[in-house]
Amino acid sequence: MKTDVVIIGGGPAGTATALYLEKEGIPSVIVEKDEFPRYHIGESLTGECGKCLRTLGFADEMKQYEHPVKRGVKVYGPNGKNAFYVPVMTRSDEGELAVSSTWSMPRDAFDKMMMDKAIARGATLVKGRATAPILNENGGVRGVEVRTADDKNIRIEAEVVVDASGPATFLSNKGVAGKKSRGNYSRQIAVFSQVKNAIRDEGPTRGDTLIFFQKKNHWSWFIPLDDGTVSVGVTVPSDYFLSKNESKHDFLVRELHEVNPEIKRRIPEVVLTEEARAISNYSYHIKEFTGDGFLCVGDSHRFIDPIFSFGVYFGIKEGEFSAKAIKAYLDGETRGLANPFADYQRQSEVGQDVIQALIDAFWNEPLAFAFFAHSRYKDDFVDMFAGRIYTDEESPGLVAMKKIAAGAMAKMDSESEFAGATAVAAA
Ligand SMILES: Cc1cc2nc3c(=O)[nH]c(=O)nc-3n(C[C@H](O)[C@H](O)[C@H](O)COP(=O)(O)OP(=O)(O)OC[C@H]3O[C@@H](n4cnc5c(N)ncnc54)[C@H](O)[C@@H]3O)c2cc1C
(Lines give C-alpha, C1' and ligand atoms only; values in the text may rest on other atoms or scores of the structure.)
Protein backbone atom coordinates (compact mmCIF):
# COMPACT_ATOMS: atom_id res chain seq x y z
CA MET A 1 0.00 0.00 0.00
CA LYS A 2 1.26 3.50 -0.85
CA THR A 3 0.01 6.85 0.46
CA ASP A 4 1.19 10.41 1.01
CA VAL A 5 0.75 10.27 4.78
CA VAL A 6 0.32 7.41 7.22
CA ILE A 7 -0.86 8.21 10.76
CA ILE A 8 -0.17 5.77 13.59
CA GLY A 9 -3.03 6.01 16.09
CA GLY A 10 -6.63 7.14 15.73
CA GLY A 11 -7.08 9.12 18.96
CA PRO A 12 -7.86 12.86 18.77
CA ALA A 13 -4.33 13.76 17.60
CA GLY A 14 -4.41 11.22 14.76
CA THR A 15 -7.92 11.93 13.50
CA ALA A 16 -7.47 15.72 13.81
CA THR A 17 -4.30 15.42 11.71
CA ALA A 18 -6.28 13.48 9.08
CA LEU A 19 -9.09 16.07 9.13
CA TYR A 20 -6.74 19.04 8.79
CA LEU A 21 -4.81 17.22 6.03
CA GLU A 22 -8.07 16.70 4.20
CA LYS A 23 -8.65 20.48 4.34
CA GLU A 24 -5.27 20.82 2.58
CA GLY A 25 -6.37 18.26 -0.04
CA ILE A 26 -3.99 15.55 1.26
CA PRO A 27 -5.27 11.98 1.71
CA SER A 28 -4.08 9.90 4.63
CA VAL A 29 -4.18 6.40 6.06
CA ILE A 30 -4.85 5.92 9.80
CA VAL A 31 -3.58 2.76 11.51
CA GLU A 32 -5.47 2.04 14.75
CA LYS A 33 -5.02 -1.07 16.88
CA ASP A 34 -8.21 -0.76 18.98
CA GLU A 35 -11.79 -1.30 17.88
CA PHE A 36 -13.83 1.89 18.42
CA PRO A 37 -15.73 2.88 20.50
CA ARG A 38 -13.43 2.12 23.42
CA TYR A 39 -12.95 3.68 26.84
CA HIS A 40 -10.34 6.44 27.18
CA ILE A 41 -9.69 8.98 29.90
CA GLY A 42 -9.65 12.72 29.09
CA GLU A 43 -13.11 14.24 28.77
CA SER A 44 -12.91 17.95 29.60
CA LEU A 45 -12.03 20.23 26.66
CA THR A 46 -10.50 23.73 26.72
CA GLY A 47 -12.17 26.76 25.12
CA GLU A 48 -9.86 26.81 22.09
CA CYS A 49 -10.36 23.06 21.70
CA GLY A 50 -14.09 23.81 21.35
CA LYS A 51 -13.20 26.41 18.72
CA CYS A 52 -11.13 23.84 16.77
CA LEU A 53 -14.07 21.43 16.86
CA ARG A 54 -16.39 24.12 15.47
CA THR A 55 -13.84 24.87 12.73
CA LEU A 56 -13.67 21.18 11.85
CA GLY A 57 -17.47 21.09 11.53
CA PHE A 58 -18.46 19.25 14.73
CA ALA A 59 -20.81 21.85 16.26
CA ASP A 60 -23.97 20.03 15.11
CA GLU A 61 -22.76 16.66 16.38
CA MET A 62 -21.85 18.13 19.75
CA LYS A 63 -25.34 19.64 20.11
CA GLN A 64 -27.00 16.46 18.88
CA TYR A 65 -25.28 14.36 21.56
CA GLU A 66 -26.19 17.00 24.19
CA HIS A 67 -22.80 16.90 25.82
CA PRO A 68 -22.48 19.11 28.85
CA VAL A 69 -21.60 22.65 27.97
CA LYS A 70 -18.55 23.76 29.93
CA ARG A 71 -18.42 27.47 30.71
CA GLY A 72 -15.45 27.45 33.04
CA VAL A 73 -13.19 25.70 35.51
CA LYS A 74 -13.54 26.15 39.27
CA VAL A 75 -10.63 25.24 41.51
CA TYR A 76 -11.48 24.72 45.19
CA GLY A 77 -8.94 25.31 47.95
CA PRO A 78 -8.21 22.61 50.55
CA ASN A 79 -11.02 23.59 52.89
CA GLY A 80 -13.58 23.41 50.07
CA LYS A 81 -14.54 27.03 50.64
CA ASN A 82 -12.15 29.35 48.85
CA ALA A 83 -12.18 28.85 45.12
CA PHE A 84 -11.13 30.61 41.97
CA TYR A 85 -13.00 30.48 38.71
CA VAL A 86 -11.64 30.81 35.19
CA PRO A 87 -14.46 31.28 32.64
CA VAL A 88 -14.25 30.02 29.06
CA MET A 89 -13.91 33.14 26.92
CA THR A 90 -13.06 33.73 23.32
CA ARG A 91 -11.03 36.64 21.92
CA SER A 92 -12.19 38.51 18.82
CA ASP A 93 -9.86 39.63 16.02
CA GLU A 94 -10.02 43.08 17.62
CA GLY A 95 -8.71 41.58 20.87
CA GLU A 96 -11.95 41.79 22.86
CA LEU A 97 -12.81 38.99 25.28
CA ALA A 98 -16.33 37.57 25.06
CA VAL A 99 -18.12 34.87 27.04
CA SER A 100 -17.96 31.51 25.26
CA SER A 101 -18.27 27.81 26.00
CA THR A 102 -16.83 24.43 25.15
CA TRP A 103 -17.79 20.84 26.02
CA SER A 104 -16.95 17.77 28.05
CA MET A 105 -17.58 14.42 26.50
CA PRO A 106 -17.07 10.70 27.15
CA ARG A 107 -14.09 9.74 25.03
CA ASP A 108 -15.56 6.53 23.62
CA ALA A 109 -18.17 8.62 21.78
CA PHE A 110 -15.81 11.55 21.10
CA ASP A 111 -13.02 9.50 19.54
CA LYS A 112 -15.50 7.53 17.43
CA MET A 113 -17.12 10.76 16.26
CA MET A 114 -13.71 12.10 15.18
CA MET A 115 -12.79 8.81 13.47
CA ASP A 116 -16.12 8.56 11.62
CA LYS A 117 -15.75 12.12 10.32
CA ALA A 118 -12.15 11.52 9.20
CA ILE A 119 -13.25 8.41 7.26
CA ALA A 120 -16.30 10.19 5.82
CA ARG A 121 -13.96 12.89 4.51
CA GLY A 122 -11.64 10.45 2.78
CA ALA A 123 -9.16 9.00 5.29
CA THR A 124 -8.59 5.25 5.04
CA LEU A 125 -8.66 3.26 8.28
CA VAL A 126 -6.38 0.24 8.55
CA LYS A 127 -7.31 -1.82 11.61
CA GLY A 128 -4.12 -3.15 13.08
CA ARG A 129 -0.99 -2.46 15.06
CA ALA A 130 2.00 -0.57 13.66
CA THR A 131 4.99 -2.80 14.41
CA ALA A 132 8.05 -1.14 12.84
CA PRO A 133 8.97 1.96 10.88
CA ILE A 134 10.21 1.52 7.31
CA LEU A 135 13.53 3.35 6.98
CA ASN A 136 15.55 4.30 3.89
CA GLU A 137 19.34 3.93 3.66
CA ASN A 138 19.84 7.32 5.36
CA GLY A 139 17.59 6.51 8.29
CA GLY A 140 14.71 8.62 6.92
CA VAL A 141 11.24 7.28 7.70
CA ARG A 142 9.30 6.14 4.62
CA GLY A 143 6.39 4.18 6.01
CA VAL A 144 5.36 1.62 8.55
CA GLU A 145 4.88 -2.12 8.87
CA VAL A 146 1.54 -3.22 10.28
CA ARG A 147 0.13 -6.39 11.78
CA THR A 148 -3.51 -6.15 10.74
CA ALA A 149 -6.49 -7.12 12.89
CA ASP A 150 -6.95 -10.22 10.70
CA ASP A 151 -3.31 -11.26 11.32
CA LYS A 152 -1.60 -10.22 8.11
CA ASN A 153 1.69 -8.34 7.85
CA ILE A 154 1.44 -5.40 5.46
CA ARG A 155 3.73 -2.52 4.47
CA ILE A 156 2.39 0.99 4.12
CA GLU A 157 4.87 3.16 2.21
CA ALA A 158 4.43 6.89 2.74
CA GLU A 159 6.14 10.21 2.14
CA VAL A 160 5.42 11.20 5.74
CA VAL A 161 4.76 9.17 8.89
CA VAL A 162 2.81 10.87 11.68
CA ASP A 163 3.17 9.29 15.11
CA ALA A 164 -0.10 9.83 16.99
CA SER A 165 0.24 6.71 19.14
CA GLY A 166 -0.29 8.57 22.43
CA PRO A 167 1.55 7.29 25.53
CA ALA A 168 2.76 4.29 23.48
CA THR A 169 5.30 6.79 21.97
CA PHE A 170 5.88 4.46 19.01
CA LEU A 171 8.68 6.29 17.16
CA SER A 172 10.60 7.08 20.35
CA ASN A 173 10.42 3.43 21.40
CA LYS A 174 11.73 2.40 17.98
CA GLY A 175 14.71 4.73 18.38
CA VAL A 176 13.58 7.08 15.58
CA ALA A 177 12.36 10.03 17.65
CA GLY A 178 14.40 11.12 20.69
CA LYS A 179 14.54 9.42 24.07
CA LYS A 180 11.71 9.78 26.55
CA SER A 181 12.65 11.65 29.72
CA ARG A 182 10.61 11.86 32.91
CA GLY A 183 8.29 14.85 33.26
CA ASN A 184 7.86 16.85 36.47
CA TYR A 185 4.82 14.77 37.49
CA SER A 186 6.08 11.32 36.58
CA ARG A 187 5.80 9.86 40.07
CA GLN A 188 2.06 10.40 40.23
CA ILE A 189 -0.89 8.06 39.83
CA ALA A 190 -4.45 8.90 38.82
CA VAL A 191 -7.28 6.59 39.91
CA PHE A 192 -10.61 7.27 38.24
CA SER A 193 -14.11 6.10 37.40
CA GLN A 194 -17.63 7.53 37.03
CA VAL A 195 -20.52 8.16 39.42
CA LYS A 196 -24.22 8.90 38.96
CA ASN A 197 -26.51 11.18 40.97
CA ALA A 198 -23.78 13.53 42.12
CA ILE A 199 -24.88 16.99 43.25
CA ARG A 200 -24.27 19.43 40.41
CA ASP A 201 -24.63 23.19 40.27
CA GLU A 202 -27.95 24.46 39.00
CA GLY A 203 -27.99 26.94 36.13
CA PRO A 204 -25.29 27.82 33.62
CA THR A 205 -22.35 26.38 35.58
CA ARG A 206 -23.92 22.90 35.69
CA GLY A 207 -21.50 21.46 33.12
CA ASP A 208 -18.34 23.07 34.48
CA THR A 209 -15.19 21.16 35.33
CA LEU A 210 -14.37 21.24 39.05
CA ILE A 211 -10.93 20.70 40.56
CA PHE A 212 -10.45 20.02 44.28
CA PHE A 213 -7.05 20.77 45.72
CA GLN A 214 -5.86 19.08 48.89
CA LYS A 215 -2.12 19.64 48.97
CA LYS A 216 0.79 19.56 46.55
CA ASN A 217 0.22 16.85 43.91
CA HIS A 218 -2.91 15.59 45.71
CA TRP A 219 -6.15 16.62 44.03
CA SER A 220 -9.34 15.34 42.47
CA TRP A 221 -11.62 16.16 39.54
CA PHE A 222 -15.37 16.25 38.82
CA ILE A 223 -16.31 16.42 35.13
CA PRO A 224 -20.00 16.18 34.18
CA LEU A 225 -20.39 13.82 31.19
CA ASP A 226 -24.14 13.76 30.63
CA ASP A 227 -27.23 14.56 32.65
CA GLY A 228 -26.60 11.79 35.16
CA THR A 229 -22.95 10.78 34.87
CA VAL A 230 -19.86 12.51 36.27
CA SER A 231 -16.24 11.50 35.65
CA VAL A 232 -14.35 11.50 38.94
CA GLY A 233 -10.71 10.88 39.73
CA VAL A 234 -8.08 11.35 42.38
CA THR A 235 -4.46 12.09 41.60
CA VAL A 236 -1.76 11.48 44.21
CA PRO A 237 1.93 10.61 44.53
CA SER A 238 2.43 6.91 43.70
CA ASP A 239 4.11 6.30 47.08
CA TYR A 240 1.00 7.54 48.86
CA PHE A 241 -1.21 5.22 46.80
CA LEU A 242 1.03 2.23 47.58
CA SER A 243 1.15 3.08 51.28
CA LYS A 244 -2.65 2.67 51.46
CA ASN A 245 -2.48 -0.94 50.26
CA GLU A 246 -6.03 -0.76 48.89
CA SER A 247 -7.67 -1.87 45.66
CA LYS A 248 -8.20 0.91 43.12
CA HIS A 249 -11.91 0.78 43.85
CA ASP A 250 -11.53 1.10 47.63
CA PHE A 251 -8.85 3.76 47.31
CA LEU A 252 -11.02 5.92 45.06
CA VAL A 253 -14.19 5.53 47.13
CA ARG A 254 -12.38 6.46 50.35
CA GLU A 255 -10.39 9.32 48.82
CA LEU A 256 -13.46 10.93 47.28
CA HIS A 257 -14.71 11.44 50.84
CA GLU A 258 -11.37 12.54 52.25
CA VAL A 259 -9.63 14.60 49.61
CA ASN A 260 -11.78 17.73 49.97
CA PRO A 261 -15.04 18.50 51.80
CA GLU A 262 -16.62 20.02 48.70
CA ILE A 263 -16.35 16.87 46.57
CA LYS A 264 -17.67 14.83 49.53
CA ARG A 265 -20.70 17.14 49.70
CA ARG A 266 -21.31 16.64 45.99
CA ILE A 267 -21.09 12.82 46.16
CA PRO A 268 -22.78 11.92 49.47
CA GLU A 269 -22.70 8.20 48.64
CA VAL A 270 -19.95 7.01 46.31
CA VAL A 271 -21.20 4.26 44.00
CA LEU A 272 -18.88 3.74 41.04
CA THR A 273 -20.67 2.98 37.79
CA GLU A 274 -17.49 2.16 35.84
CA GLU A 275 -14.52 -0.01 36.65
CA ALA A 276 -11.93 1.91 38.74
CA ARG A 277 -8.91 2.38 36.47
CA ALA A 278 -5.46 3.85 37.11
CA ILE A 279 -2.65 5.43 35.12
CA SER A 280 0.74 6.08 36.68
CA ASN A 281 3.99 7.70 35.53
CA TYR A 282 2.07 9.66 32.91
CA SER A 283 4.39 12.66 32.70
CA TYR A 284 7.16 12.56 30.07
CA HIS A 285 8.90 14.60 27.43
CA ILE A 286 10.55 13.67 24.12
CA LYS A 287 12.47 16.72 23.00
CA GLU A 288 13.36 15.64 19.43
CA PHE A 289 10.11 14.56 17.83
CA THR A 290 10.51 15.46 14.16
CA GLY A 291 12.99 14.51 11.44
CA ASP A 292 13.38 13.16 7.93
CA GLY A 293 9.95 11.86 6.96
CA PHE A 294 8.31 11.92 10.38
CA LEU A 295 6.70 14.03 13.06
CA CYS A 296 4.92 13.26 16.34
CA VAL A 297 1.64 14.84 17.48
CA GLY A 298 -0.13 14.88 20.86
CA ASP A 299 0.81 12.48 23.63
CA SER A 300 3.24 10.63 21.37
CA HIS A 301 5.90 13.22 22.31
CA ARG A 302 4.84 14.90 25.56
CA PHE A 303 2.37 14.74 28.39
CA ILE A 304 2.71 17.16 31.28
CA ASP A 305 -0.10 16.64 33.81
CA PRO A 306 -3.87 16.26 33.51
CA ILE A 307 -4.90 18.98 35.98
CA PHE A 308 -6.05 21.70 33.55
CA SER A 309 -7.30 19.40 30.76
CA PHE A 310 -4.98 20.31 27.89
CA GLY A 311 -4.24 16.86 26.42
CA VAL A 312 -6.93 16.63 23.75
CA TYR A 313 -6.39 20.26 22.77
CA PHE A 314 -2.67 19.71 22.25
CA GLY A 315 -3.42 16.71 20.05
CA ILE A 316 -5.94 18.59 17.91
CA LYS A 317 -3.93 21.82 17.64
CA GLU A 318 -0.74 19.97 16.78
CA GLY A 319 -2.80 18.09 14.17
CA GLU A 320 -3.59 21.47 12.62
CA PHE A 321 0.04 22.61 12.70
CA SER A 322 1.32 19.29 11.38
CA ALA A 323 -1.03 19.38 8.37
CA LYS A 324 0.42 22.76 7.33
CA ALA A 325 3.98 21.49 7.78
CA ILE A 326 3.21 18.33 5.76
CA LYS A 327 1.61 20.40 3.00
CA ALA A 328 4.75 22.56 2.74
CA TYR A 329 6.87 19.39 2.63
CA LEU A 330 4.81 17.66 -0.05
CA ASP A 331 4.78 20.89 -2.09
CA GLY A 332 8.57 20.82 -2.04
CA GLU A 333 9.02 23.96 0.08
CA THR A 334 10.91 22.24 2.89
CA ARG A 335 11.99 18.99 1.26
CA GLY A 336 15.70 19.78 1.03
CA LEU A 337 16.03 20.73 4.69
CA ALA A 338 17.85 18.47 7.15
CA ASN A 339 14.72 18.54 9.31
CA PRO A 340 11.70 19.66 7.27
CA PHE A 341 9.50 19.71 10.38
CA ALA A 342 11.74 21.73 12.69
CA ASP A 343 9.38 24.74 12.67
CA TYR A 344 6.45 22.51 13.57
CA GLN A 345 8.43 21.13 16.50
CA ARG A 346 9.34 24.60 17.77
CA GLN A 347 5.75 25.86 17.41
CA SER A 348 4.35 22.86 19.30
CA GLU A 349 6.83 23.29 22.13
CA VAL A 350 5.97 26.98 22.56
CA GLY A 351 2.43 26.04 23.62
CA GLN A 352 3.47 23.02 25.68
CA ASP A 353 6.05 25.14 27.53
CA VAL A 354 3.40 27.72 28.50
CA ILE A 355 1.24 24.99 30.01
CA GLN A 356 4.26 23.42 31.71
CA ALA A 357 4.86 26.81 33.37
CA LEU A 358 1.16 27.18 34.23
CA ILE A 359 1.08 23.82 35.97
CA ASP A 360 4.46 24.22 37.70
CA ALA A 361 3.35 27.65 38.97
CA PHE A 362 0.13 26.19 40.34
CA TRP A 363 1.98 23.53 42.31
CA ASN A 364 4.81 25.79 43.45
CA GLU A 365 2.65 28.65 44.68
CA PRO A 366 -1.07 27.84 44.65
CA LEU A 367 -2.04 30.95 46.60
CA ALA A 368 -0.16 33.34 44.34
CA PHE A 369 -1.50 31.44 41.35
CA ALA A 370 -5.08 31.84 42.54
CA PHE A 371 -4.57 35.55 43.15
CA PHE A 372 -3.08 36.04 39.68
CA ALA A 373 -5.80 33.97 37.99
CA HIS A 374 -8.67 35.54 39.81
CA SER A 375 -7.50 39.08 40.20
CA ARG A 376 -4.20 40.54 39.06
CA TYR A 377 -3.77 38.93 35.61
CA LYS A 378 -7.31 37.71 35.10
CA ASP A 379 -7.48 38.21 31.32
CA ASP A 380 -4.05 36.69 30.71
CA PHE A 381 -5.09 33.60 32.66
CA VAL A 382 -8.37 33.41 30.76
CA ASP A 383 -6.28 33.29 27.56
CA MET A 384 -3.92 30.62 28.87
CA PHE A 385 -6.68 28.40 30.26
CA ALA A 386 -8.51 28.63 26.92
CA GLY A 387 -5.36 27.59 25.04
CA ARG A 388 -4.25 30.86 23.40
CA ILE A 389 -0.68 29.84 24.06
CA TYR A 390 1.02 29.71 20.66
CA THR A 391 2.69 33.10 20.65
CA ASP A 392 6.25 34.21 21.26
CA GLU A 393 4.96 37.38 22.95
CA GLU A 394 4.71 36.89 26.70
CA SER A 395 1.80 38.54 28.50
CA PRO A 396 2.49 40.10 31.95
CA GLY A 397 0.54 37.19 33.49
CA LEU A 398 2.76 34.64 31.75
CA VAL A 399 5.93 36.44 32.81
CA ALA A 400 4.75 36.51 36.44
CA MET A 401 3.69 32.91 36.24
CA LYS A 402 7.02 31.78 34.82
CA LYS A 403 8.69 33.38 37.81
CA ILE A 404 6.63 31.43 40.29
CA ALA A 405 6.99 28.32 38.15
CA ALA A 406 10.73 28.64 38.58
CA GLY A 407 10.21 29.06 42.31
CA ALA A 408 11.87 32.48 42.05
CA MET A 409 9.12 34.51 43.65
CA ALA A 410 8.77 35.11 47.35
CA LYS A 411 5.53 33.80 48.78
CA MET A 412 2.57 36.11 48.36
CA ASP A 413 2.40 38.16 51.50
CA SER A 414 -0.84 36.91 52.91
CA GLU A 415 -3.31 34.11 52.63
CA SER A 416 -6.09 36.56 53.40
CA GLU A 417 -5.38 38.35 50.13
CA PHE A 418 -6.01 35.05 48.33
CA ALA A 419 -9.07 34.35 50.44
CA GLY A 420 -10.44 37.84 49.79
CA ALA A 421 -9.87 37.52 46.07
CA THR A 422 -11.31 34.03 45.81
CA ALA A 423 -14.28 34.44 48.13
CA VAL A 424 -15.86 36.56 45.40
CA ALA A 425 -15.45 33.73 42.90
CA ALA A 426 -16.83 31.16 45.29
CA ALA A 427 -19.93 33.20 46.05
C1 LIG B 1 -5.63 10.92 34.45
C2 LIG B 1 -5.76 11.70 33.17
C3 LIG B 1 -6.82 12.57 32.97
C4 LIG B 1 -6.92 13.30 31.79
N5 LIG B 1 -7.95 14.20 31.61
C6 LIG B 1 -7.99 14.96 30.50
C7 LIG B 1 -9.05 15.90 30.28
O8 LIG B 1 -9.97 16.05 31.09
N9 LIG B 1 -9.04 16.62 29.14
C10 LIG B 1 -8.05 16.47 28.19
O11 LIG B 1 -8.07 17.17 27.17
N12 LIG B 1 -7.08 15.57 28.34
C13 LIG B 1 -7.02 14.81 29.46
N14 LIG B 1 -6.04 13.88 29.60
C15 LIG B 1 -5.08 13.70 28.51
C16 LIG B 1 -5.70 12.98 27.31
O17 LIG B 1 -6.23 11.75 27.72
C18 LIG B 1 -4.63 12.76 26.25
O19 LIG B 1 -3.78 13.88 26.20
C20 LIG B 1 -5.23 12.54 24.85
O21 LIG B 1 -6.00 11.38 24.81
C22 LIG B 1 -4.08 12.46 23.82
O23 LIG B 1 -4.60 12.17 22.56
P24 LIG B 1 -3.69 11.38 21.52
O25 LIG B 1 -4.51 11.22 20.31
O26 LIG B 1 -2.35 12.02 21.45
O27 LIG B 1 -3.43 9.95 22.22
P28 LIG B 1 -4.50 8.81 22.57
O29 LIG B 1 -5.82 9.41 22.84
O30 LIG B 1 -3.89 7.97 23.64
O31 LIG B 1 -4.62 7.97 21.23
C32 LIG B 1 -3.56 7.16 20.76
C33 LIG B 1 -4.15 6.06 19.89
O34 LIG B 1 -3.08 5.35 19.29
C35 LIG B 1 -3.38 3.98 19.26
N36 LIG B 1 -2.11 3.25 19.15
C37 LIG B 1 -1.09 3.22 20.04
N38 LIG B 1 -0.07 2.46 19.58
C39 LIG B 1 -0.45 2.01 18.36
C40 LIG B 1 0.17 1.19 17.38
N41 LIG B 1 1.41 0.67 17.54
N42 LIG B 1 -0.49 0.91 16.24
C43 LIG B 1 -1.75 1.42 16.04
N44 LIG B 1 -2.40 2.19 16.94
C45 LIG B 1 -1.75 2.50 18.08
C46 LIG B 1 -4.12 3.75 20.57
O47 LIG B 1 -4.91 2.58 20.52
C48 LIG B 1 -4.94 5.03 20.69
O49 LIG B 1 -6.24 4.89 20.13
C50 LIG B 1 -5.93 13.14 30.78
C51 LIG B 1 -4.87 12.25 30.96
C52 LIG B 1 -4.77 11.55 32.15
C53 LIG B 1 -3.60 10.61 32.34
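A polar contact is a pair of N or O atoms within 3.5 Å. With that cut-off in mind, select Ser-44 and the ligand: a backbone N or O atom of Ser-44 lies 2.7 Å from a nitrogen atom of the ligand. The model on screen is a predicted one.

**Stop 1: the ligand and its surroundings**

Keep the ligand selected and add Ile-41, where a backbone N or O atom lies 2.9 Å from an oxygen atom of the ligand. Next add Glu-43; a polar backbone atom of this residue is 3.4 Å from an oxygen atom of the ligand. The ligand taken alone exposes 1,000 Å², and the protein buries 95% of that area.

Now display the shell around the ligand and colour it by secondary structure. The elements that contribute two or more residues are helix 1 (12-23), strand 2 (28-32), strand 9 (124-135), strand 15 (218-224) and helix 9 (311-330). Strand 9 supplies the largest share, with 3 residues.

Widen the view to the 38 residues around the ligand, of which Glu-32, Arg-38, Ser-44, Asp-299 and Val-312 come nearest. Coloured by character, the shell divides into 18 nonpolar, 12 polar and 8 charged residues.

Where does the ligand lie relative to domain 1 and domain 3? Colour domain 1 (2-41 + 107-180 + 284-347) and domain 3 (188-280) separately: both give residues to the shell, so the ligand lies between them.

**Stop 2: the sheet of seven strands**

Strands of a sheet pair through backbone hydrogen bonds, either parallel or antiparallel. Select the open sheet of 7 strands, which runs in the order 5-4-14-15-16-13-17 with mixed pairing. Strand 5 (83-87) and strand 17 (277-280) stand at its edges; each has a single partner strand, so one side of each is left without a neighbour in the sheet. Viewed along the sheet, the twist averages 15° from one strand to the next.

At the strand 5 edge, select strand 4 (residues 72-76) as well. Strand 4 and strand 5 run antiparallel and are joined by 5 bridges. Within this pair, Val-73 stands opposite Val-86 of strand 5.

**Stop 3: the partners of strand 11**

Move to strand 11 (residues 153-163) and add strand 1 (residues 2-8); the two pair in the parallel sense over 6 bridges. Ile-7 stands opposite Val-162 of strand 11.

Next, add strand 10 (residues 141-148), which pairs with strand 11 in the antiparallel sense over 5 bridges. Here Glu-145 faces Arg-155 across the pair, the latter being in strand 11. Which residue takes a positive phi in the hairpin of strand 10 and strand 11? Select Asp-151: its phi is near 65°, and the hairpin has 4 residues between the strands.

Finally, add strand 20 (residues 294-296), which runs parallel to strand 11 and is joined to it by 3 bridges. Asp-163 stands opposite Cys-296 of strand 20.

**Stop 4: the sheet of three strands**

The last selection is an open sheet of 3 strands in the order 12-18-21, with antiparallel pairing. Its edge strands, strand 12 (180-182) and strand 21 (302-303), each pair on one side only. Select strand 12 together with strand 18 (residues 284-286): 3 bridges join this antiparallel pair. One position to label is Lys-180, whose bridge partner in strand 18 is Ile-286.

Note on methods:
Residues numbered from 1 in each chain as written. Predicted model: local features only at pLDDT ≥ 70, side-chain atom pairs only at ≥ 80, totals over all residues. Heavy atoms only, no water. Near = heavy atom within 4 Å. Polar contact = N/O pair within 3.5 Å; in protein donor to acceptor, adjacent residues only side chain to side chain. Areas by Shrake-Rupley, 256 points an atom, 1.4 Å probe, with all protein chains shown as cover. Nonpolar A, V, L, I, M, F, W, Y, C, P; charged D, E, K, R; others polar. Domains from an automatic or database assignment. Pairing = 2+ DSSP bridges. Axes fitted to C-alpha atoms, helices over the stretch in contact; angles between N-to-C directions.
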